[in-house]
Amino acid sequence: MILKFFLDVYRRLIHLEIMKIDDFKRRNKILQGDCIEILRAIPDQTFDMVFADPPYNLQLSGDLHRPNHTKVDGVTEEWDRFDGFQAYDTFTHSWLREVKRVLKPNGTLWVIGSYHNIFRVGAIVQDLEFWILNDVIWRKTNPMPNFNGTRFTNAHETLIWCSKSKESKPVFNYQAMKALNEGTQMRSDWVLPICGGTERIKKDGKKTHPTQKPEALLYRIILSATNPGDFILDPFFGTGTTGAVAKMLGRDWLGIEREHAYVEAANERINKIEVATTEKDVLITPTKKGAPRIAFGSLVEQGLLRAGDKLFDIRRRVTAKVNADGSIASRNIRGSIHQVGAKVQNTPACNGWTYWHYDSGGQTLPIDDLRERVRANMAESLLNSKRQSPTSH
Ligand SMILES: C[S@@+](CC[C@H](N)C(=O)[O-])C[C@H]1O[C@@H](n2cnc3c(N)ncnc32)[C@H](O)[C@@H]1O
């Protein structure tokens, strides 16, 4: 027993010695080995984001067959076997603790799982004092049916998105997500197909990996929570979906994977990807922070709203009247859209642009849409004036 312990320690030291500390500083590569051992050798605060798709601990026993007697490709691999819940929890606690250490203070973690493991993972995430920002449901458009007809079709997986701590200031590219969702705020239920077609990596007609994730899923995750040049870790790299999408989107990545066959498949996949662009204005969605300031009064001046028009909250329970001077009034309270919004809700602050709405032919729309229209007009007239006098500044 003692001899085995010392042999194990010796083997780890040799392993990490061979890998050399510098390997961890180099980006865009796969390190083959056990993620807990490798993570232990990575310096604190290295990564901007971690995406983890850990073993599910499916506890499958026996083969599953379709009604036509063909065998279903389940996850029966050795890497998904644990000696019960306690062993799985110990494993989960160890890798999550290391992940927390190697995240930068404002870094975030995404972890995906199914009902088999996500509740255990979620509890440990909270025990380690990560701060949960959202749970996202990935609803599969084409899930595998429940062949025996004994339960509901299991048609979703859950993602937990959390920051390193409650005090973190995580990246969230709100405008990029809104644009991706055709101008409407992105919700926490994502409807995407499972990985298939030419995207699915196969060798001699057989799937290389049983749980390869779709690139569309990683696309949304990486675009929402990182910026170009950020460094992303995936400690359960599999076929390298995270690395493939990170490369396409101009982010750096590091993958850890135990199985040699998956490392080979992932390297081959990522090497084949040709980066289409590194242009920042293609990869980054402009935010409102850099946009010109517009006063609510200019909407009235420009005739988008008129004195006497009614504004209301999204549920049309609270109303206010627009005044000629660009202030508004509700229940004898007069002031800016923000001041009146805060007072009627009895809150210390309010973003009047998103709180107040107007009627557009029976549709309830936020007045922020009108501000966007003013901004777009301004940008267009600026462009026109530049075209007309190319030498003027
Ligand atoms: C659910 S799969 C990830 C699939 C991956 N997201 C993809 O799109 O291909 C989990 C992966 O973690 C690997 N793995 C399991 N335990 C590991 C460990 N302790 N260290 C490193 N890799 C491990 C498995 O070999 C498997 O490829």
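These legends accompany close-up views of a predicted model.

**View 1. Helices H4 and H5 pack against each other.** Let us start with the helix pair. H4 covers residues 84-102 and H5 covers residues 118-127. Their axes lie 10 Å apart and make an angle of about 45°, so the two helices are oblique to each other. The crossing of H4 with H5 is right-handed.

**View 2. Residues at the contact of H4 with H5.** On the H4 side you will find Phe85, Tyr88, Asp89, Thr92, His93 and Leu96. Their counterparts in H5 are Arg120, Val121, Ile124 and Val125. Sorted by class, this contact has six nonpolar residues, along with two polar and two charged ones.

**View 3. An open sheet of eight strands.** Reading across the sheet, the order is E1-E10-E9-E2-E3-E5-E4-E6, and the pairing is mixed. Strands E1 (29-32) and E6 (189-192) are found at the edges; each has a single partner strand, so one side of each lacks a neighbour in the sheet. From one strand to the next, the twist averages 20°.

**View 4. Edge strand E1 beside E10.** Here we look at the pairing of E1 with strand E10, residues 252-257. The two strands run in the parallel sense and are joined over four bridges. Leu31 is placed opposite Ile256 of E10.

**View 5. Helix H4 on the sheet.** H4, the helix that also packs with H5, touches three strands here: E2 (47-52), E3 (103-113) and E9 (231-234). The direction of H4 makes about 145° with that of E3.

Key:
Residues are numbered from 1 along each chain as its sequence is written. This is a predicted model: local features need pLDDT of at least 70, side-chain atom pairs count only at pLDDT 80 or more; totals for chains, interfaces and linings use all residues. Axes are lines fitted to C-alpha atoms, for helices over the stretch in contact, and angles run from 0 to 180 degrees between N-to-C directions. Angles under 35 degrees count as roughly parallel, over 145 as roughly antiparallel, 65 to 115 as roughly perpendicular and the rest as oblique. A crossing is left-handed if the near helix is turned anticlockwise from the far one by less than a right angle, and right-handed if clockwise. Two residues are in contact if their C-beta atoms, placed from the backbone, lie within 7 Å. Ala, Val, Leu, Ile, Met, Phe, Trp, Tyr, Cys and Pro count as nonpolar, Asp, Glu, Lys and Arg as charged, and the others, Gly among them, as polar. Two strands pair if DSSP finds at least two bridges between them.
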